[in-house]
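Reader: I have a protein chain to go through before my next session at the bench. Could you walk me through its structure?

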Amino acid sequence: MHDEGKKMEEIRVDYLVKYTGASNPDIENGKVYKCIAEWYDEKNQLHDLAVVDDSGEDYLYSPKSFEKVT
């Protein structure tokens, strides 16, 4: 969920990312996932990634926890 009052812009994307954060039941370190959207703040800085995790649903994660797969 985004902070109230902050304007966020969603850009739809389609690329793969590798998770580099701590594993939990829905996402695993070192595993590759599909990124479906990037969320930018009012300063046009990347704020969140919408990633389809092991639950099969997309959730917002910090971009600091992912590496783009080429």
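Author: Certainly. In this predicted model, 41% of the protein chain's contacts with a separation of 6 or more are between residues 24 or more positions apart.

Reader: How many helices and strands are there in the protein chain?

Author: The protein chain has zero helices and five strands. Read from the N terminus, its elements follow the order β-β-β-β-β. The radius of gyration is 12 Å, close to the 11 Å that the globule rule gives for 70 residues, so the chain is as compact as a globular protein of that length.

Reader: And what box do the C-alpha atoms fill?

Author: Along the principal axes, the box is roughly 35 × 25 × 20 Å. The accessible surface of the chain is about 4900 Å², and carbon and sulfur atoms account for 46% of that surface.

Reader: What share of the residues count as buried?

Author: Of the 70 residues, 30% count as buried.

Reader: Which residues make up the largest nonpolar core?

Author: That core has ten residues: Tyr15, Val17, Tyr19, Ile27, Tyr33, Cys35, Leu49, Val51, Tyr61 and Phe66. Strand E1 (9-19), E2 and strand E3 (46-52) each give two or more residues to this core. E1 provides the largest share, three residues. Another core lies apart from it and has five residues, including Met8, Ile36, Ala37 and Ala50.

Reader: Cysteine 35 interests me. What does it touch?

Author: Leaving out residues up to four places away in sequence, cysteine 35 touches Val13, Asp14, Tyr15, Val17, Leu49, Ala50 and Val51.

Reader: Turning to glutamate 38, is it buried or exposed?

Author: Glutamate 38 counts as buried, because its relative accessibility is 13% and the cut-off for buried is under 20%. This residue lies in strand E2. Beyond residues up to four places away in sequence, glutamate 38 touches Glu9, Glu10, Ile11, Val13, Tyr15, Leu46, Asp48 and Leu49. Between glutamate 38 and valine 51, the C-alpha to C-alpha distance is 9.1 Å, with their positions 13 residues apart in sequence.

Reader: Now the charged pairs. How many salt bridges are there?

Author: The count comes to four salt bridges. Side chains of opposite charge can pair when their charged atoms come close. One of the salt bridges joins lysine 34 and aspartate 14, with their closest N and O atoms 3.7 Å apart. Lysine 34 lies in strand E2 and aspartate 14 in strand E1, so this pair ties together parts that are 20 residues apart in sequence. Lysine 34 is partly exposed at 39% relative accessible area, whereas aspartate 14 counts as exposed at 60%.

Reader: What about lysine 18 and glutamate 67?

Author: Their side chains meet in a salt bridge at 3.9 Å, N to O. This pair links distant parts of the chain, since lysine 18 is in strand E1 and glutamate 67 is in strand E5 (residues 66-68), 49 residues apart. Lysine 18 counts as partly exposed at 32% relative accessibility, and glutamate 67 is partly exposed at 43%.

Reader: Which residue does glutamate 10 pair with?

Author: Glutamate 10 forms a salt bridge with arginine 12, and their closest N and O atoms are 2.9 Å apart. Glutamate 10 is partly exposed, at 35% relative accessible area, while arginine 12 counts as exposed at 58%.

Reader: Finally, which residues make the nonpolar surface patch?

Author: Leu16, Val32 and Val69 make a patch of about 210 Å². Valine 32 belongs to strand E2 (residues 32-40) and counts as partly exposed, at 41% relative accessibility.

Notes:
Residues numbered from 1 in each chain as written. Predicted model: local features only at pLDDT ≥ 70, side-chain atom pairs only at ≥ 80, totals over all residues. Heavy atoms only, no water. Patch = residues over 30% accessible without salt bridge, like charges linked within 9 Å, V, L, I, M, F, W, Y side chains within 5 Å. Areas by Shrake-Rupley, 256 points an atom, 1.4 Å probe, with all protein chains shown as cover. Helix = DSSP H or I, 4+ residues; strand = E, 2+ residues; numbered from the N terminus. Buried < 20%, exposed > 50% of the residue type's maximum accessible area, 1.4 Å probe, protein only. Rg over C-alpha atoms; globule rule 2.2 N^0.38 Å. Contact = heavy atoms within 4.5 Å. Core = buried A, V, L, I, M, F, W, Y, C linked by side-chain atoms within 4.5 Å.
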